[in-house]
Amino acid sequence: MSDDEHRDSGGASPDASTGLRDSEREIHGKIGHDDSYAAWRFTGFRRLVVSGFAESIGSRMVDVAVGWELYARTHSAVALGLVGLVQIVPAVLLALPAGHVADRFDRRRIAVATTLLLAGCSAGLTLLSWTDGPLPLVYLCLALMGAASSVQAPATASMLAQVVPGEWFGNAATWQSGVGQTASIGGPALGGLMIAATGGATAVYAINAATLLAVAPLIGSLRLRPFTRSAEKVTVDSLLAGLHFVRATKEILAASTLDLFAVLLGGTTALLPIFAEDVLHVGPTGLGLMRAAPAAGAVLTALVMAHRPPFRHAGWTLLSAVAGFGLATIGFGLSRSLPLSLLFLAALGGLDAISMVIRDTLLLTRTPDELRGRVTAVEFVFVGLSNQLGEFESGMLAALIGAVGAVIAGGIGTLLVVPVVALAWPELRRLGRMVSDEG
């Protein structure tokens, strides 16, 4: 065992078959199979989720602040569009190398280093906001944040399998999803309140920088179970190993394809301002409610899933969730009532949460330790590109046939994808209860 692994195990030798430390084995023996809070019994999971929540809520606050400040300074839609571009380009370029790094080196140190880089970038935004600094430097900070997030994502996602035993991967993925969605609700609201209270975005950036500096030691204190590190050198084949694994593992490929097309075709979020202004006539207040509704639906669904046993027929559940996502998208496009529209949006969030939990659990239970970083990086590219392209596709289609037509067409397209995937990959239809080999 290396020194890093010895420190990760807290000085106690882990069991050779399970990788559990003495303290973890004691907890493991006390947890019932139907314990809805099983993942929370492990200190490492609590620290990982709390640090992730703090980072996520701060990131959402910064998103609001950046958009508000850039538009206040430029009154340009192009300036807003560049925000996504300067972050997604470095993220995509670095994703595969970042996955390889996460499989070869100490994931905890990677997470700490990238968290500190994010804190430095937020401090830079604080200074630029305070002094009305040049916009190119603002975009440089945002690009560095995109790069840091890209490197951080495979490491932090892979660490989940090092703090929770395989038996409770599904429970851990469910709670992590719910906490993340809670940050999606609270972050924008807190960012907006902070801007209103202080009259500017400077305080938001400063608070985020301070939060990240506080989070870094928390991540550094994680005690991780050792994992089988990849010994491969950096080659084209090693960089693409995650992609090859996803292609070879039909259940993961099918689940990723479903998610890709659901997000690509059902990009409703980008068109919400049009629905608020021109379709439902509910103004900015209604827009805020509509933006919060999917996350609220996702949180409620995650809470329900956490208190229920794992899905016995995960494949059919996933197919049904994506089909329901398509139907809810069509329903939202047809609705002319704000309460009904909020209901459909909440359903979209809830169904997406089911899909996300099944996909994340599938990745946790099927991916070997030495490939977790690279497989997570592939998923990061899938999700990042599908979100960005989905917004672009929805906007272009709305320009041609109107926002209502674009949303309904996207819902129909999502429905059509479901039987195609079900027929193309029968392995997904046969997917039952997902349990790790170590569980």
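Here are a few exercises with worked solutions on this predicted model.

**Exercise 1.** Work out which burial class aspartate 106 and arginine 109 each fall into.

*Solution.* Start with the contact itself: the side chains of aspartate 106 and arginine 109 meet in a salt bridge, with 3.7 Å from N to O. That fits the cut-off, because a salt bridge needs the nitrogen within 4 Å of a carboxyl oxygen. Next, look at accessibility. Aspartate 106 has 6% relative accessibility, so it counts as buried. Arginine 109 comes out at 47%, so it counts as partly exposed. The cut-offs behind this are under 20% for buried and over 50% for exposed.

**Exercise 2.** Find where aspartate 259 and arginine 359 sit along the chain, and decide whether each is buried or exposed.

*Solution.* First, the contact: these two side chains, aspartate 259 and arginine 359, form a salt bridge at 3.2 Å, N to O. Now place the partners. Aspartate 259 belongs to helix H11 (residues 250-265) and arginine 359 to helix H15 (residues 338-366), so the bridge links distant parts of the chain, 100 residues apart. Last, burial: aspartate 259 has a relative accessible area of 8%, so it is buried. Arginine 359 is at 8% relative accessibility and counts as buried too.

While we're on salt bridges, shared partners join Asp103, Arg107 and Arg374 into one network. Inside that network, arginine 107 and aspartate 103 meet at 3.2 Å, N to O, and both of them are buried. The search of the whole structure turns up 5 salt bridges.

**Exercise 3.** Check what span helix H7 should have, and what its end C-alpha atoms give.

*Solution.* Helix H7 covers residues 169-198, which makes 30 residues. Take 1.5 Å times one less than the number of residues. That gives an expected span of 44 Å, and the end C-alpha atoms are 42 Å apart, so the two agree. Just past H7, glycine 199 takes a positive phi of about 75°.

**Exercise 4.** Describe the aromatic pairs that tryptophan 40 makes with phenylalanine 45 and with tryptophan 175.

*Solution.* The structure has 4 aromatic pairs. Tryptophan 40 and phenylalanine 45 are edge-to-face, 5.1 Å centre to centre with 80° between the planes. Tryptophan 40 and tryptophan 175 are edge-to-face as well, at 5.9 Å and 70°. Tryptophan 40 lies in the loop between helix H2 (22-30) and helix H3 (43-74), while tryptophan 175 is in helix H7, so this pair ties together parts 135 residues apart in sequence. Finally, ring pairs link Tyr37, Trp40, Phe45 and Trp175 into a cluster.

How values were computed: Residues numbered from 1 in each chain as written. Heavy atoms only, no water. Buried < 20%, exposed > 50% of the residue type's maximum accessible area, 1.4 Å probe, protein only. Helix = DSSP H or I, 4+ residues; strand = E, 2+ residues; numbered from the N terminus. Phe/Tyr/Trp six-rings, centres within 6.5 Å; stacked < 30°, edge-to-face > 60°.
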